[in-house]
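Visitor: I am new to this structure and would like a close look at one part of it. Please start there and then work outward.

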Amino acid sequence: DAASALWPEGSSGPLGVNVVLAPADDLAQLYRHALEVAEEPPAAGLEEGGLVFVRIPPLWLRSPGDAASRLRWILLFTSSENHDLLESYGIAKLLQRMAPSVRLGITVHGAHRQGDAETAFSRLAEAAARRLGLSLTSYGRLVDDLHVYQAIVAQRPIGTVHPQSPAARSMGDVAQLLLADALQQVEPADG
């Protein structure tokens, strides 16, 4: 979504983070582009490995075609508001139907307190388990503060514009949870 002000311009950032515009018209093309990005050698001075996050337009999930089988690990962002939790539940139900073995993670944003985020996740996870037989993983909470909006207006990552802000620190916490989980999935289990 090149025209969206929510995303920073395509660029290389600190710590090997790159924002890449993927010219794709459907989920299959987006998947191929993500593979190309994943296969690129790391920038000088950085270790191999990492994560490639791909923003999937939600409308593409309604008719994913053959690419549905490639949906293995999805991170959904939701607020603690009822309508957002219902929408996230609906997306989880759709994903589970089209890719039954999909792993779904949830990050809650905009909750003013940690307890609100935990309650929101618990409500969503309990409904998904009870009604869909689906286990959700919590990937923490993103703090919503004025710095987020300033970074959006500047079209720069929060971590470079306001690295010490609560929002940037919570983004780092979520990133650590995601990376730790990803490493657990690829490393052989002991014993």
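Visitor: Where along the chain is Phe 53 found?

Guide: The model is a predicted one. Phe 53 is found in a loop, the one between helix 1 (27-39) and strand 3. Its relative accessibility is 57%, so Phe 53 counts as exposed, the cut-off being over 50%. Phe 53 belongs to a nonpolar patch on the surface, where the other members are Leu 51, Leu 179, Leu 183 and Val 186. Together these five residues have about 470 Å² of accessible area.

To place this loop, it helps to see the chain as a whole. The protein chain has six helices and five strands, and along the sequence they follow the pattern β-β-α-β-α-β-α-β-α-α-α. Of its 191 residues, 29% count as buried.

The loop that holds Phe 53 leads to strand 3, which covers residues 73-78. In a regular strand the side chains alternate between the two faces of the sheet. Strand 3 shows such an alternation: Ile 74, Leu 76 and Thr 78 point to one face and are buried. Trp 73, Leu 75 and Phe 77 point to the other face and are not buried.

Strand 3 runs parallel to strand 4, and six bridges join the two. Two of the pairings can be followed residue by residue. Trp 73 has Arg 103 as its bridge partner in strand 4, while Leu 75 stands opposite Gly 105 in strand 4. Strand 4, residues 103-109, is mostly covered, with five of its seven residues buried.

Arg 103 also has a second link, this time through its side chain. Side chains of opposite charge can pair when their charged atoms come close. Arg 103 forms a salt bridge with Asp 181, and the closest N and O atoms are 2.5 Å apart. This pair links distant parts of the chain, with Arg 103 in strand 4, Asp 181 in helix 6 (residues 166-186), and their positions 78 residues apart. Asp 181 has a relative accessible area of 12% and is therefore buried, since the cut-off is under 20%. Arg 103, at 26%, is partly exposed.

The count of salt bridges comes to two. The other pair is Arg 113 with Asp 116, where the closest N and O atoms are 2.9 Å apart. Here Arg 113 is exposed, with a relative accessible area of 55%, and Asp 116 counts as partly exposed at 26% relative accessibility.

The surface also carries a patch of positive charge. Lys 93, Arg 97, Arg 130 and Arg 131 gather in it. The elements that give two or more residues to this patch are helix 2 (82-98) and helix 3 (114-132). Arg 130 lies in helix 3, and its relative accessibility is 58%, so Arg 130 counts as exposed.

To return to the starting point: Phe 53 sits in the loop between helix 1 and strand 3, and its place on the surface is in a nonpolar patch with Leu 51, Leu 179, Leu 183 and Val 186.

Note on methods
Residues are numbered from 1 along each chain as its sequence is written. This is a predicted model: local features need pLDDT of at least 70, side-chain atom pairs count only at pLDDT 80 or more; totals for chains, interfaces and linings use all residues. Side-chain values use heavy atoms; hydrogens and water are left out. Patches are made of residues with over 30% relative accessible area and no salt bridge: like charges are joined within 9 Å, nonpolar side chains (Val, Leu, Ile, Met, Phe, Trp, Tyr) within 5 Å. Accessible areas come from the Shrake-Rupley method with a 1.4 Å probe; for residues, only the protein chains shown count as cover. A salt bridge is a side-chain nitrogen of Lys or Arg within 4 Å of a carboxyl oxygen of Asp or Glu. Lys and Arg count as positive and Asp and Glu as negative; His and the chain ends are not counted. The place of a charge is taken as NZ of Lys, CZ of Arg, CG of Asp or CD of Glu. Helices (H or I, at least four residues) and strands (E, at least two) are DSSP runs, numbered from the N terminus. Buried means under 20% relative accessible area, exposed over 50%, partly exposed in between (1.4 Å probe, protein chains only). Two strands pair if DSSP finds at least two bridges between them.
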